[in-house]
Structure formats: structure tokens, C-alpha cells
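Visitor: I have a structure to look at and some questions about its charged side chains. Can we go through them together?

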Amino acid sequence: MRTRWPESTGAFVRELFPPPQFPLSDGVVWGVSLSLLVVVVLLDLLTPASFALGTVLSASVAFAALGTSKKTVWQLTALAVLANVVAGFWNGSRDGVGGYHFANRAVSILAVVLVGYLSTRAREASEQAAALKEEEHQLAREKARRQLAEDLGGPLGQAEFVERAAAALQRLTGASSVEIGAVDKAVLTQPYALVLAPDLPAAERPSRLNTRIPLEFLAHPVGAGDVWATEGGNVHLARLRRPTEGDLLLILNSPHSAPGVTSLAVRTLQPLLERTALLDDLRQNRQQLAERGELLRDLVYAFSHDLRTPLLANAMNMKAALRGAYGELPPAYRATLENGLQANETLLDLADQLLSVAKFESGEDEEREPVPLRAVVLSVAGDLRPRAEARNVTVETNLSGVTVLGRKHDLRRAVQNLLDNAIKFSPPGGEVTLFLTGDGDEVTFIVQDSGPGIPAEQQARLFQRFRGAGAGSGSGLGLYLTRRIAEAHGGTVRYRRTARAQSQFVLTLPEAPHA
């Protein structure tokens with residue numbers, strides 16, 4: 001629930017900043033009370049006993065209640081009782097003792113004790129009331145701080161902070177207008193905000209943006225801190241400090257509140273302003289990183305795209321030579337061409353991977369369609385079978401007919417990356433098994449091989465960019481790209497080691513709903 005501001009700003013200010021009370025010091029109370037007691041005792045000793053001036057001694061006890069300690073009241077009460085007793089003996093020895101003498105003295109002593117007791121009780125009640133009042137003041141201050149923090153909550157830049165702070169200060173102080181702006185060579189500049197009271201026409205309080213500030217607004221009194229007043233108290237001014245830029249100047253015209261309210265607000269707003277400066281720096285850094293990332297993606301895209309053309313032309317020439325377009329070739333030359341063609345295919349594959357990475361990093365998206373994943377896996381296995389045979393690796397399949405919703409060329413790339421890795425790291429004579437299953441909700445594709453596996457300390461960064469498993473592991477983009485393809489399709493990819501020391505890469509994808 002949001003805190004509601006008091007309807008009467010004057011009452012709110014009185015709650016926050018009550019008028020000070022100045023109790024008399026014990027020294028002053030002792031001096032005045034003792035003097036009054038001595039005067040009354042002398043008069044009592046000099047007058048007949050029938051006058052009963054001892055009752056007036058309670059006046060010194062009542063005056064003692066103005067002091068800072070209850071101890072003073074009881075001490076003066078005891079002195080007043082003793083003075084009554086002494087005066088009673090003196091008058092009795094001089095005028096004789098009668099029944100009315102005892103009655104007068106008893107009434108005087110009772111009055112002194114009663115005044116002392118009532119003064120102490122009144123003082124205790126006053127202290128309790130003052131304590132309750134102070135608690136109310138503290139509560140009002142905390143409510144004001146919480147309201148300001150709530151009004152300026154959330155991730156705000158300095159421009160948004162200035163706008164919200166001006167509106168919050170106008171509600172808090174009841175000012176006819178609140179202006180906040182940065183000071184640059186005595187000119188009010190951005191970030192800037194002007195908030196007017198609902199009943200104040202805009203023409204009556206024009207904006208001071210990009211205008212020179214009056215000198216009296218800047219030359220605040222020495223020792224006034226960050227809050228001061230001018231124009232006979234009709235304008236309250238405050239400063240919010242910024243470490244690397246010009247300070248923010250707060251101008252409150254005709255506020256209904258005392259300067260203490262503005263001071264409370266400034267103390268609350270200062271740490272919030274420092275937070276907005278950090279947020280602005282963070283946003284600026286993120287924007288710079290985004291611009292640099294976009295530039296790098298453009299460079300990678302251009303490099304990969306332009307690299308494909310000469311590589312394809314080179315591959316066509318080498319294949320033509322191997323087919324005999326230039327006559328019979330010596331065996332050594334044919335072996336060189338075959339090695340070159342294999343290296344050329346590796347570069348083409350790298351160019352394709354870089355293009356795919358650039359696409360995913362840029363956030364490009366394409367329309368999706370139902371993809372029969374079994375057909376994709378069989379196609380990839382057929383393309384890579386010559387490479388497996390060259391390494392004497394057997395590829396076995398155990399595939400179910402399942403369909404996923406996605407982009408066929410991306411899914412093919414993910415399957416190819418996993419199978420190519422398994423063939424590459426399987427020992428000669430090893431076996432790679434492909435499993436494909438579905439349960440109606442999720443499709444699971446597993447590539448299992450009997451290779452040496454991946455060390456535990458390297459598994460955490462296995463699917464990161466340029467974080468291959470070690471020397472000879474390739475460009476370091478294959479598994480990263482597989483992870484990005486899986487995530488783009490709402491799935492995951494992970495590595496695990498079976499109890500029979502077999503490595504498994506597990507790709508899971510949502511299964512397409514049946515038509």
C-alpha cells in the first residue's frame with residue numbers, strides 16, 4: 001500500500017519539526033527556588049502564626065518542576081517541609097501553641113508534599129508525551145523517506161530521476177513549482193525538470209532551462225550546508241552533488257514547508273542519485289559493447305561470406321584435376337590435391353560455422369517448419385560415412401521417426417557437429433551409435449562413442465565459444481553453435497559419461513505436435 005501524504009502540509013511540517021522546548025537548568029532552578037523559599041521562611045518567622053504563610057512554600061516546589069531533573073523537585077520539597085517545621089517551632093515558642101497552629105502547619109506541609117507529588121507526576125507524564133511525540137516524529141520522517149524511495153524506485157537514469165524527484169518534492173513540500181537542473185557556468189542545463197502545482201498556470205512560472213541563474217541562488221550562506229533559503233524564505237534551494245559532473249540545483253518556489261523538510265529530502269535523494277549515475281555508466285558501457293559486437297558480427301559475416309567464393313572455386317578446380325581434366329597425374333600429385341581438397345572443405349566448414357554464429361549472435365530468426373529428424377540424421381550419417389570408413393569407425397543407427405518444429409539447415413548443422421566430433425575422437429576400429437527417440441513431448445538424440453572422453457575440468461566450458469576440448473579439437477565453434485541451435489529451438493545439449501566408459505552427447509528438443 002502506498003503511503004498517503006498528510007492533507008495539511010503545515011501539520012505535516014509541525015509533526016516533522018516540532019517547536020523546541022528549553023527546560024531551565026538545575027542551577028537556575030535551585031537558585032530561584034531557594035531564594036523564594038528563604039524569603040517565604042523569613043516572612044513566616046516575622047509574622048504571627050495565625051497567618052500560615054508556610055503554605056506559600058509550595059510555590060518554590062512548583063517552580064522546581066521547570067528544571068531538568070525530578071531529583072530537584074524532591075530535594076526542594078524536603079527543604080520546604082523542613083522550613084515549615086522550623087517556622088512552626090519558632091512561631092509556637094514565640095506566640096504560644098494552639099490547636100489552630102497545628103492545623104495550619106499540617107495544611108502547609110500537606111500542600112508542599114502534594115505539590116511536590118503532583119509536579120513529579122506531571123513531569124513524568126510530560127516526558128512520556130515527549131517520548132511518544134518523538135516516536136511520531138521519527139515515524140513521520142521514515143514515512144517521508146520511504147515515500148521518496150518508492151517514488152524514485154526502480155532502474156532510473158539521471159533524466160528519469162530528475163523528473164520523478166521534482167514531482168515528489170512538489171508533493172512533499174507543497175511548493176508552487178519545483179525545478180531541478182544541472183549547473184554549468186551559472187546556467188541551468190540538462191538533466192532538467194519543472195513541476196508546477198496543479199492550480200498554477202504555466203505562464204506564471206516559466207522555465208529557467210538554459211538561462212542564467214540569479215547570483216543569490218548560488219551564493220548560499222556559509223555553513224548552510226546543501227540547503228538554504230533566499231528571497232525572504234520564499235524560495236528554498238538545495239544541492240545534490242555529482243562526483244564527475246556539475247551539481248544539481250533544486251529550486252522550490254513558495255513551499256509550505258520548513259527548510260528542514262527539504263533537508264530531509266536531500267539526504268534521502270543523494271544516495272539514490274549516486275545509484276542512477278552508476279546505472280547510466282552501465283547503460284553506456286552496454287551500448288558501447290553492443291556497438292562493438294555488432295561491428296564484429298558484420299566483420300565475421302563479411303569475411304565468411306567472401307571467403308566461400310574463392311574456396312568453392314578452388315575446390316572445383318582440384319576436383320576437376322582429380323577427375324582427369326588436365327591429364328593423368330602422378331600419385332604424389334594426386335595425394336597433394338586430395339589433402340588440399342580436404343583442407344579446403346575444412347575451411348568451407350569453418351566459413352559456414354562463422355556465418356551461423358554471426359546469425360545467432362545478431363538475433364536473426366527464420367520461420368520454422370516441421371522437420372523429420374530421422375531423415376536429417378540419416379542424411380548426415382550418409383555424408384560422413386566416407387570419413388568414418390577412412391578412420392575405420394563404424395556408425396550404427398537406432399532411430400525412431402520423430403518430427404520437430406524448427407529450421408532444417410540449423411538442425412542438420414547441430415547433428416553434423418555432434419557426429420563429426422564422435423568420428424574424430426573415436427579410436428580406429430571404434431563404433432559410433434546414434435539413438436533417436438521421442439515420447440510425445442520431447443525428442444532425444446544421442447551420439448555415443450567409445451573415445452577417451454572429456455576431462456572433468458574441461459566439461460564446464462565444453463559448450464562455450466572457442467573453448468574446444470584441447471589440441472586438435474577444431475575451431476572451438478562446433479559445440480558452441482550446437483548449443484545455440486538447441487537453445488533457439490527450445491532445447492538443450494549436454495555431455496555425459498556412461499558406466500561403460502562411453503561418451504554421450506545428448507541433444508533434447510521439443511517434439512512437434514501431431515497434426
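Guide: Short questions and answers on salt bridges follow, and the model is a predicted one.

Visitor: How many salt bridges does a search of the whole structure find?
Guide: A pair counts when a side-chain nitrogen of Lys or Arg lies within 4 Å of a carboxyl oxygen of Asp or Glu. Searching the whole structure on that basis gives a total of 8.

Visitor: Which residue forms a salt bridge with glutamate 179?
Guide: Look from strand E1, residues 177–184, which holds glutamate 179. The partner is 29 residues apart from it, in the loop between strand E2 and helix H7. The closest N and O atoms are 2.5 Å apart, and the partner is arginine 208.

Visitor: Are glutamate 179 and arginine 208 buried or exposed?
Guide: The cut-off for buried is under 20% relative accessible area. Both glutamate 179 and arginine 208 are classed as buried.

Visitor: Why is arginine 242 classed as buried?
Guide: Arginine 242 meets glutamate 245 in a salt bridge, at 3.5 Å from N to O. Glutamate 245 is partly exposed, at 45% relative accessibility. Buried means under 20%. Arginine 242 counts as buried because its relative accessible area is 9%.

Visitor: Which residues do salt bridges that share partners join into one network?
Guide: Start with one pair: aspartate 247 and arginine 241 meet at 3.6 Å, N to O. Arginine 241 is partly exposed, with a relative accessible area of 40%. Shared partners give one network of Arg239, Arg241 and Asp247.

Note on methods
Residues are numbered from 1 along each chain as its sequence is written. This is a predicted model: local features need pLDDT of at least 70, side-chain atom pairs count only at pLDDT 80 or more; totals for chains, interfaces and linings use all residues. Side-chain values use heavy atoms; hydrogens and water are left out. Helices (H or I, at least four residues) and strands (E, at least two) are DSSP runs, numbered from the N terminus. Buried means under 20% relative accessible area, exposed over 50%, partly exposed in between (1.4 Å probe, protein chains only).
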